[in-house]
Amino acid sequence: MFKDRAIIFVLITLMIDAIGIGIVFPIMPDLMDRVGADTTGQGAFWGGVLMAAYAGALFLCGPIVGSISDAVGRRPVLIAALVMLAVDYVIMALADSFWMLLVGRTLAGLAGATYITATAYVADISTPQNKAANFGLIGAAFGIGFVLGPAIGGISAEFSLSAPFWIAAALSAANALFGLFVLPESLALEKRRPFGRRDLNPFRSIFDAFRMPGLAVPLVCILIFEFANMVYPTIWAFWTREVFGWSTLYIGLSLAAYGVLLALVQGGLMPILIRLMGDFRTLMLGMSAALIAMIGFGFTSTVTLLVIFLLLAALSDLVPALMTAMASNQVGDDKQGVVQGVIASLSSMAAILSPIAMTSLFQVSVDGEGIYLPGAPFFFAGLLVLAMFPLVIKLRGHASV
């Protein structure tokens, strides 16, 4: 009963977090217009800077937050992060300049403990055998959030561009209050470890994690894949606006459709694939789907092709959950928080660099005087995934089944 109740709360928490994130995606082009972007390419670049600011704050604070949760428990850190997210969305709702948006997204990065601590919480109450499947449920919760988030954002923005942020703030605040009453602690006192000065240095935590036996390869794979996979949240709204002329409503609905597929894949299909094929073969299936989808989007100019490659893109989201589970299985309970924090930092490192790289490439491809190629960021992402395959093969020994 404890585990069922805890899993349900964590999944609701992550779903609401995803709603808050997803709400922003379809309105990003209009939001950049509001704060002074002159062209689609320029707006994409500024949007990339916002995403990099969020990721930069999460990169610096991720291991620290994970270590704090290893010392004081998951519950207080998780609830505090939800409160901070609510504050962030209020700032975003009131922002009338790019710099206010930048402050808001930086604050949200500091609150990135929501995902880090929730993942560590799930690791606490999971066995090595069901860890990948439970991390898949995390992906499914995000998928449901991405169904609701972009749809809410696209629809509510038709009335007011600030409305999506007020909705996200209310959801985050309500969930923090909910957690005060129903969320039990998952990390027993005897499994906690002291929080020391070295835990305040995110770079030391990352270096220490890479020295842990069996962690280096999955961590490097996570870093590269997350860099490539950031092409979707970074470029999607601007790319569909440029190629298809879509409004915030259609962008929101397309992202909602992707969220449905993500929930079906990670919540329904992933456990079946793991049972039938094992962790490693399922991972290779996801990697292959990622490669085909990214290259395919680079060539896409019709809605029919977009739908086909969207299906494959959903399958590619098998990869992060499996890689995270493989990394988690290499350490004990007392280091789950710091390892999840390091994973979040590596993902954030990718999210700092990738939006700048992808949006710069997109801007040159649509606003420059050279070849007009709005799909260029997808081609670049596909090449990165292709280059990963020799490294991913080394993960065969990290699979639990």
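In which helix is Leu-50 found? The answer opens the first of these close-up views, which are drawn from a predicted model.

**View 1. Leu-50 and its surroundings in helix H3.** Leu-50 is found in helix H3, and the residue is buried, with a relative accessible area of 2%. Setting aside neighbours within four places in sequence, Leu-50 is in contact with Met-28, Met-32, Phe-98, Leu-101, Leu-102 and Arg-105. Ala-108 makes a handy landmark here: the C-alpha atoms of Leu-50 and Ala-108 are separated by 11 Å, although these two residues are 58 residues apart along the chain. Keep an eye on Arg-105, one of the contacts of Leu-50, for the next view.

**View 2. A salt bridge between Asp-88 and Arg-105.** Here the side chains of Asp-88 and Arg-105 meet in a salt bridge, at 3.0 Å from N to O. The pair links distant parts of the chain, with Asp-88 in helix H4 (residues 74–94) and Arg-105 in helix H5 (residues 98–110), 17 residues apart. Are these partners buried or exposed? Asp-88 counts as buried because its relative accessibility is 0%, under the 20% cut-off. Arg-105 is buried as well, with a relative accessible area of 12%. Arg-105 also appears among the contacts of Leu-50, so you can use this residue to find your way back to the previous view.

**View 3. Asp-30, Asp-33 and Arg-241 in a salt-bridge network.** How many salt bridges does the count come to? The count is 3, and Asp-30, Asp-33 and Arg-241 are linked in a network of salt bridges. Arg-241 forms a salt bridge with Asp-33, their closest N and O atoms being 3.0 Å apart. Arg-241 lies in helix H11 and Asp-33 in helix H2, so this pair ties together parts that are 208 residues apart in sequence. The side chains of Asp-30 and Arg-241 meet in a salt bridge too, at 3.9 Å from N to O. That pair also links distant parts of the chain: Asp-30 is in helix H2 (residues 28–34) and Arg-241 in helix H11, 211 residues apart. As for accessibility, Asp-30 counts as partly exposed at 29%, Asp-33 counts as partly exposed at 35%, and Arg-241 counts as partly exposed at 26%.

**View 4. Aromatic rings around Trp-239 and Phe-297.** A search of the whole structure finds 14 aromatic pairs. Trp-239 and Phe-297 form an edge-to-face pair, 5.8 Å centre to centre with 80° between the planes. The two rings link distant parts of the chain, Trp-239 in helix H11 (residues 231–244) and Phe-297 in helix H12 (residues 248–299), 58 residues apart. Both Trp-239 and Phe-297 are buried. For another geometry, turn to Phe-244 and Trp-246: their ring centres are 5.2 Å apart and their planes lie at 25°, so the pair is stacked. Phe-244 is buried, with a relative accessible area of 18%, and Trp-246 is buried, with a relative accessible area of 17%. Both pairs belong to one aromatic cluster, formed by Tyr-232, Trp-236, Trp-239, Phe-244, Trp-246, Phe-297, Phe-309 and Phe-378.

**View 5. Phe-297 in the largest nonpolar core.** Which residues touch the most other members of the largest nonpolar core? Of its 117 residues, they are Met-287, Phe-297 and Met-323. The largest share of this core, 19 residues, comes from H12. Leaving out residues up to four places away in sequence, Phe-297 touches Tyr-232, Trp-236, Trp-239, Leu-306, Phe-309, Leu-310, Ala-313 and Phe-378. Several names will be familiar from the aromatic cluster, including Tyr-232, Trp-236 and Phe-309.

**View 6. A nonpolar surface patch with Leu-60.** This last view turns to the surface. Leu-60, Phe-203 and Phe-207 make a nonpolar surface patch of about 310 Å². Leu-60 sits in helix H3 (residues 40–72), the helix in which Leu-50 is also found. Leu-60 counts as partly exposed because its relative accessibility is 43%, between the cut-offs of 20% and 50%, whereas Leu-50 is buried at 2%.

Technical notes
Residues are numbered from 1 along each chain as its sequence is written. This is a predicted model: local features need pLDDT of at least 70, side-chain atom pairs count only at pLDDT 80 or more; totals for chains, interfaces and linings use all residues. Side-chain values use heavy atoms; hydrogens and water are left out. Rings of Phe, Tyr and Trp (its six-membered ring) pair if their centres lie within 6.5 Å; planes under 30 degrees apart count as stacked, over 60 as edge-to-face and the rest as tilted. Helices (H or I, at least four residues) and strands (E, at least two) are DSSP runs, numbered from the N terminus. Buried means under 20% relative accessible area, exposed over 50%, partly exposed in between (1.4 Å probe, protein chains only). Patches are made of residues with over 30% relative accessible area and no salt bridge: like charges are joined within 9 Å, nonpolar side chains (Val, Leu, Ile, Met, Phe, Trp, Tyr) within 5 Å. Accessible areas come from the Shrake-Rupley method with a 1.4 Å probe; for residues, only the protein chains shown count as cover. A salt bridge is a side-chain nitrogen of Lys or Arg within 4 Å of a carboxyl oxygen of Asp or Glu. A nonpolar core is a set of buried Ala, Val, Leu, Ile, Met, Phe, Trp, Tyr and Cys residues joined through side-chain atoms within 4.5 Å. Contact means heavy atoms within 4.5 Å.
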